[in-house]
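Here are my notes on this one, written so you can follow along in the viewer. Take the points in order and find each spot as you go.

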Amino acid sequence: MSSKPIHEYDAKLLLAYWLARAPAVSKSFQVSPNFVAPTAQVAQVKWDPATNSITPDSAIPAWVHTTKLVAKPDQLIKRRGKAGLLSLNKNWPESRQWIADRAGKQVKVESVTGTLNTFIVEPFLPHPSDTEYYVCINSVREGDVILFTHEGGVDVGDVDAKALTLLLPVGQEFPSRETVKSKLLSHVPAAKKDTLVDFLFRLYSVYVDLHFAYLEINPLICLDGENGKPPTIHYLDMAAKLDQTAESILGSKWAIARDTTVYDPKTSQSAIGADRGPPMVFPSPWGRDLTKEEAYIQKLDSGTGASLKLTVLNPEGRIWTMVAGGGASVVYSDAIAAHGFADELANYGEYSGAPTEGQTYEYAKTIIDLVTRGKPNPKGKILIIGGGIANFTNVASTFKGIIRALKEYKSQLVAHSVKIYVRRGGPNYQEGLKAMRLLGESLGVPIHVFGPETHITEIVPLALGVTKGAGPKSIGPTAPNTPPPQSKTLGGAASNTIGAIGPEGERNQPNDQIVHFDVEKHPHDSRASYRPFDATTRSFVYGLQPRAIQGMLDFDYSCGRETPSVAAMIYPFGGHHIQKFYWGTKETLLPVYTSTEEAVKKHPDADVVINFASSRSVYSSTLEVLKFPQIKSIAIIAEGVPERHAREILHIAEQKKVLIIGPATVGGVKPGCFRIGNSAGMMDNVIASKLYRPGSVGYVSKSGGMSNELNNILSLVTNGVYEGIAIGGDRYPGSTFIDHLTRYEADPDCKMLVLLGEVGGIEEYRVIEAVKKGLIKKPIVAWAIGTCAKMFATEVQFGHAGSMANSDMETADAKNAAMKAAGFIVPDTFEDLPEVLKNTYDGLVRSGVIKPETEREPPVIPMDYKWAQELGLIRKPAAFISTISDERGQELLYAGMPISEVFKEDIGIGGVVSLLWFKRRLPAWATKFIEMVLMLTADHGPAVSGAMNTIVTSRAGKDLISSLASGLLTIGSRFGGALDEAASMFSSARDRGLTPREFVDESRRANKLISGIGHKIKSVNNPDLRVELVKEYVKKNFPTHTLLDYALAVEKVTTSKKDTLILNVDGCIAVCFVDLLRDSGAFTSDEAEEYIKIGALNGLFVLGRSIGFIGHHLDQKRLRAPLYRHPADDIFINMLPLSQPRILANVP
């Protein structure tokens, strides 16, 4: 839902801050210089359930101690005064006690019970009753409406009947001062009119600037001016709604008004946020305090691009649902309520948007945990795992998460006698349903599984035991076979394989697989106005959407189109380039432009734009597209478009006679002709629903998910879809039901109409009026979903932003009754819809209006490699194998250890090295030794060759990576890289049984130096302290150190000849690490030898010395050292004189 109520406290703060600051909605309207914007003094007192206490006095502004006060709950409660929830004319101690007595208590207001936890406190304002007024600003499709009456207060009565109204149309200037007075203030004393006009202008400026969706002040107080001053404005009770989707662009403006330091510098904000001031809070409806589980799912939802929703209606209820899709979740609840089980419905919710297996598992586990709580119900419980036909979600993948959760709660499910009913369709649904059936055989709980051949809600009466029956069988999905040879190749593409010899002797080259099209220029004016899409329609796709474009081209190919429906892509953030797509088994090229202007110039045949821009940028990009008369239709896919932006777009489009579909839409489909974006899902759905050729039924729906169901139903009970549009579930769709139904009425090829509406809004009534006036004469089957809304005690927001009834006429029941009374064909329940559609269609066939045609086989579209691999239909050897880390899940893994555990157990750098290098946890003494080695080898001064290379490279102006690489490239057998060789030589000698002296003698006879022995500076009398530290640690902590002992014995032999032939740090580390590998118990002898051979020991030196090399680079940069040039006198240059004999080239 985009339009959401806010606390009265926040509404008053927004006005207090922005009434004098918001930009004026009209530059021509002048506010009187004497107008003084009212200032609001408000305080918020909250109850903390953890401590059972209210906000302390130290956090309350000082003014509360110096004036009489009003205190009241601030939780979206209507008629608080009549409910006895109002404290008037009390001082702070009395008001505080009044709040404390009620905080945390359950209170019933009318029929809803809730817990009081938030209160507002403000100064008490004595005033005469004749100074009370009522003002309300509300947004409608045509513009904003100001309602005003001179009689405000508790007994304001029927505002709609008595208030004066002023419509402010979208895109028009704020009316003149005299117009406002005459339209709204005719009953107001003349002395107050100008002040009230100024206030209304500033109020409306704030309303527009901050994207309010509703703002009511009752009473609005206008006191007489004193001592020659103008009247003053005050507001007492206030109710407001903000457009939550505008938070991305206005969050900072909302936040600064909530910064209490703005009004009282002595107060302080407790936390630092993204903006100055805390973010806006959107409270739950009265009586709908979030449960722990609801709060968890809400948090899960906020951290994913998918949609996860849960509302617990009755924790003791027997019937639980886990439904995929917003529209589907509503029809399941409708079906349960229609059969008289609303009081046993336990929850409402939905998951959609392709959640991951892990997210689905968490969602399912939360619901199943709720199902299996408490004492078992003697009647058992029912879990309906339902859903519509998915577009792209891999059903089997999402079912994996649900299956995991079901297995985890196996014993609890059995104990509570839970029966499970599953219905799903979409990509890979067969494997998903198969997995569910197999689970039922082992879970000990009955699982009844149904696919798209069963009507979406037909499992509900089966689950409730109300009726039995089998649904109709649908056409199975097309198997992913290789397309059969065709006599005619679409698009004029050659069918010969690469390398084949043609009739003229030419041989096909690989580039011949690229299909090129000669696009015929079809004038836009030749297309009837009621038919915006046909088999020649060409479009632009705004945004890089390769999957959607490939889906459109696959649809085109299956329909037999001569040319692709996508002319080009528009992507402002990349350069001009070409992208390749499949056309059947071949490929074609589509250009990508950076501007709409260029695309339009290059492709005058394209008149449709499918805008995939995000909710933040779709407004500006759509306004840009609307500048070009060539464009006749725009589909806006994004959800979360601010309502004010959507409304402005639709009004500009109306002026330019451009058809807008969306926002928040999956698009639409014209079978056999054109597909908008991802409409109808994957090709399995397209083929199964016969969308590759036109039918006779035109439908319009709000829900994109339910449009797939309509495609399926109509393919089963009629000859299929002629055209189907999902207008989008937002409050202000660019086009409405009536726009499309009147098109279908005018189209002679469309014989039957279907309208799938929903609770909320009044668009269905526009269609009713058209039918009554005879503007629509074709048979129209209609249904409004959301009939369950009346069963809920508290306010429940359904899937779409606009699906909430604000009056009785907006309820689904009222709409269905009104449509039936107007002559629509309305089923008794949604479950009866297929039968009603069939009967209507059969009647049209019998009367000769519809003449079914012979079915044709569509060309088979090859399955994409990636999707086939995901389904397990093909296999391919991996190009790379990795066994040390994995980032694909919810958490990074090091050798199977979650990164959170790495920090929780504090394994340190040594522990991380042990995981990533050796794929195992090493004991603490071993990981500490690794860290010790890294510290000891980190640096050895600037004079060594590696450090010198790093310094010279850094001084040459190179970056850190280049300088580090330069130093690392010097590491080898002569510098730093002796660890591997030392380990090999010492361990080989010991393993062959050589005594230390025999080892030394053997090396001398072979004229080979012993790696790890010898130092230029250090000696027996001047030992290397690094070696001493290593020896001390190893002897104290290692379980054994036999190779170290052997190396020290070798050192005694070598130092007897020369005192500098000591065991150096490389050799000491090498032999100690061999002891670690061989004697720690973590490695087999073969593994230990392998790690020595593959360079693990040198890796320690490289890793450690990198620390020092980076230090040297940063040191030189910090010193701003100039380019280094080596002194010439330090270089001995020896060149042969010219007189020396040389080999001369023979010169002809």
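1. Start with domain 4 and domain 5: how far apart are their C-alpha centres? The answer is 32 Å. Keep in mind that you're looking at a predicted model. The wider division runs to domain 1 (3-34 + 42-263), domain 2 (292-464), domain 3 (515-847), domain 4 (873-905) and domain 5 (922-1119). Notice that domain 1 is written as two stretches, 3-34 and 42-263.

2. Now zoom out. The C-alpha trace of the protein spans about 115 × 95 × 85 Å along its principal axes. Count up the secondary structure and you get 36 helices and 37 strands. Of the 1148 residues, 53% are buried. The protein exposes about 53100 Å², and carbon and sulfur atoms supply 53% of that area.

3. How do distant parts of the sequence meet? Take the contacts between residues at least 6 apart in sequence: 73% of them join residues at least 24 apart. As for charge, there are 125 positive and 125 negative side chains. The centres of those two sets lie 2 Å apart.

4. Here's something from a record. In an unreviewed entry, UniProt places the feature "domain: ATP-citrate synthase ATP-grasp" at residues 2-254. Over residues 2-254 the chain is 25% helix and 31% strand. The end C-alpha atoms of that stretch are 16 Å apart.

5. Gln44 is worth a click. You'll find Gln44 in strand β2, residues 43-48. Is Gln44 buried or exposed? Gln44 counts as buried because its relative accessibility is 18%, and the cut-off for buried is under 20%. Leaving out residues up to four places away in sequence, Gln44 touches His7, Tyr9, Thr55, Ile60, Asp74, Thr118 and Phe119.

6. Next, some backbone oddities. Most peptide bonds are trans, and most residues other than glycine have a negative phi. Which peptide bonds should you check for cis? One of them runs from Asn218 to Pro219, with omega near 5°. Pro219 lies in strand β12, residues 212-223. Another cis bond goes from Gly662 to Pro663, also with omega near 5°. Pro663 sits in the loop between β28 (659-661) and β29 (667-670).

7. Then there's phi. His211 isn't a glycine, yet its phi is positive, near 55°. Look for His211 in the loop between α5 (190-209) and β12. Being in a loop doesn't settle whether a residue is covered, so check the number: at 7% relative accessibility, His211 counts as buried.

8. Set Asn1007 beside it. Asn1007 isn't a glycine either, and has a positive phi of about 55°. Asn1007 belongs to the loop between α31 (996-1005) and α32 (1025-1037). Asn1007 counts as exposed because its relative accessibility is 73%, and the cut-off for exposed is over 50%.

9. Last stop: helix α26, residues 908-918. Which residues of α26 are buried? They are Gly910, Gly911, Val912, Val913, Ser914, Leu915 and Phe918. Step just past the end of α26 and you reach Lys919, with a positive phi of about 60°.

Methods:
Residues are numbered from 1 along each chain as its sequence is written. This is a predicted model: local features need pLDDT of at least 70, side-chain atom pairs count only at pLDDT 80 or more; totals for chains, interfaces and linings use all residues. Side-chain values use heavy atoms; hydrogens and water are left out. UniProt positions are given in the numbering used here, feature names are shortened, and annotations may be inferred rather than shown by experiment. Helices (H or I, at least four residues) and strands (E, at least two) are DSSP runs, numbered from the N terminus. Domain bounds come from an automatic or database domain assignment. Buried means under 20% relative accessible area, exposed over 50%, partly exposed in between (1.4 Å probe, protein chains only). Contact means heavy atoms within 4.5 Å. Accessible areas come from the Shrake-Rupley method with a 1.4 Å probe; for residues, only the protein chains shown count as cover. Lys and Arg count as positive and Asp and Glu as negative; His and the chain ends are not counted. The place of a charge is taken as NZ of Lys, CZ of Arg, CG of Asp or CD of Glu.
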